[in-house]
Amino acid sequence: EHAGDVHVRMRVLNNWAYTEFEDGNTVQALPIVERLVAVSRRHGRSLDVHDLDTIARVYMLDGRLDDAHRILSPVRGGTGGRPRLFDERANALLTLAEIERLQGRTDDAQVTLDQCRLLCDELRLTSLQVRARREQAELYAASGRFELAFDEHKRFHDAAMELHSLEREARARTLQVLFETSEARRDSARYRELSVHDALTGLPNRRFIDDHLNRL
């Protein structure tokens, strides 16, 4: 705030509000999203899709489904906010489908969820596809189609297990690369040290002098 960086302030408020939402702290999250909206209005900054999704989720947690729907419904027509990342609109559509399901608007929720899943397929959003399957199961159950809900939940479970396995393998590969990189750096430093010092006495050798002579 002292630096006057409105963009960073809005990002911080968004992340702070979403953290409280994930922790189930409605009382703490509500004033934060209100500050986010106030900052955007005061400085003439439009809320992007990520902001709208956070605000709608906090309202949904507070039971304000109509307010949440009003804020997020323009996203379905592509007019609500500007996505900063390619997956934000799909994520917002998933939130909107959940809100509409909780409102009892199962037909609207299915249309919204279909848009979300289509976007997930186009952009290959694997993690979001898995979450969309879970919402589809919930939607089938809400509309009384329990056999379809059960089948979809099984598909969600299988997809979630596969995703978890892939993520675990990816983490293992990343840790291996980090370990190998760290080892390579240590070896490089050690070999460099050996190349400029005499192996018997440990004293600096001719190569060390050549490297440092100009600077000295």
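Q: How should burial be read here: is E100 buried or exposed?
A: E100 is buried, with a relative accessible area of 0%, where buried means under 20%, exposed over 50% and partly exposed in between (1.4 Å probe, protein chains only). This is a predicted model, in which local features need pLDDT of at least 70 and side-chain atom pairs pLDDT 80 or more, while totals for chains, interfaces and linings use all residues. Residues are numbered from 1 along each chain as its sequence is written, and side-chain values use heavy atoms, leaving out hydrogens and water.

Q: With which residue does E100 form a salt bridge?
A: Side chains of opposite charge can pair when their charged atoms come close. E100 pairs with R76, the closest N and O atoms being 3.0 Å apart, a salt bridge being a side-chain nitrogen of Lys or Arg within 4 Å of a carboxyl oxygen of Asp or Glu. The pair links distant parts of the chain, 24 residues apart, with E100 in helix 5 (residues 88–102) and R76 in the loop between helix 4 (65–72) and helix 5; helices are DSSP runs (H or I, at least four residues), numbered from the N terminus. R76 itself, at 22% relative accessibility, is partly exposed.

Q: How many salt bridges does a search of the whole structure find?
A: The search finds 15. One of them joins R11 and D48, with the closest N and O atoms 3.5 Å apart; R11 lies in helix 1 and D48 in the loop between helix 2 (26–42) and helix 3 (49–61), so this pair ties together parts 37 residues apart in sequence. R11 counts as buried at 16% relative accessibility, and D48 is buried at 6%.

Definitions and conventions: Helix = DSSP H or I, 4+ residues; strand = E, 2+ residues; numbered from the N terminus.
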